[in-house]
Amino acid sequence: MSIAAPTRWHEVVDALVTQARALPGARAAGDDLDPDDLLVLDGPEVWLTGDTARRILVVGWTLDDDRDNGEASQVVATLGRAKRDETGFVICQAIAQTGSLELPEAGYTDPRMTAKALRDLAFGVFATVADLLRADPSLGLTTARMFADIGERLTPRQYLTDTGAVCSVEFQVRYDTRI
């Protein structure tokens, strides 16, 4: 007799990380191949890696310490209370960073150093996740019902740090499943 999982939130996080790392030009922490590759981090790995990358996707993590990294809720779905419908979301961060930021000017030849270029990179990472979800809304999970897409909330941020400029796009991956 198989026992139903109490939630699928953790499975959604695992599937997002696995599928994003499998994309061409993506990598995990420690796979120092190309700084232009998309570095895909699983939540708290962001605090554990010294990897430098221009583009980063963090799954199951927020920049705000006072906010949760996701949410799930369930309701009874069938008579006998054997099945439950779960809806939830996972917070993700699409990040672009550079060691310095400069103003564009006549004759300027390195577009990677402008605020616009960082925004384009960060929103490009966001678009990569949206495309991944459109291509397989089940996230490869074999369950009776699973549908994932981009959630309602999107929070772009642009800021400077001691080591350079950053543009991040915090967004939700929303899902609906039956347990």
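Asp 120 and Lys 116 are both in helix α3, which spans residues 115-135, and because they are four residues apart, about one helical turn separates them. I should state at once that we are looking at a predicted model. In this model the two side chains form a salt bridge, with the closest N and O atoms 2.6 Å apart. As for its surroundings, Asp 120 has a relative accessibility of 44%, so it counts as partly exposed.

Helix α3 also holds a second pair, Arg 134 and Asp 131, three residues apart and again about one turn of the helix. Their salt bridge has its closest N and O atoms at 2.9 Å. How accessible are the two partners? Asp 131 is partly exposed, at 43% relative accessible area, whereas Arg 134, at 61%, counts as exposed.

I turn now to the strands. Glu 170 forms a salt bridge with Arg 157, and here the closest N and O atoms are 3.6 Å apart. This pair links distant parts of the chain: Arg 157 belongs to strand β6, residues 146-161, and Glu 170 to strand β7, residues 164-178, with their positions 13 residues apart in numbering. Is Glu 170 buried or exposed? Its relative accessible area is 0%, and the cut-off for buried is under 20%, so Glu 170 is buried.

Finally, the wider picture. Which residues are linked in a network of salt bridges? They are Asp 85, Arg 145, Asp 176 and Arg 178. Across the whole structure, the search finds twelve salt bridges, among them the Asp 120 to Lys 116 contact with which I began.

Methods
Residues are numbered from 1 along each chain as its sequence is written. This is a predicted model: local features need pLDDT of at least 70, side-chain atom pairs count only at pLDDT 80 or more; totals for chains, interfaces and linings use all residues. Side-chain values use heavy atoms; hydrogens and water are left out. A salt bridge is a side-chain nitrogen of Lys or Arg within 4 Å of a carboxyl oxygen of Asp or Glu. Helices (H or I, at least four residues) and strands (E, at least two) are DSSP runs, numbered from the N terminus. Buried means under 20% relative accessible area, exposed over 50%, partly exposed in between (1.4 Å probe, protein chains only).
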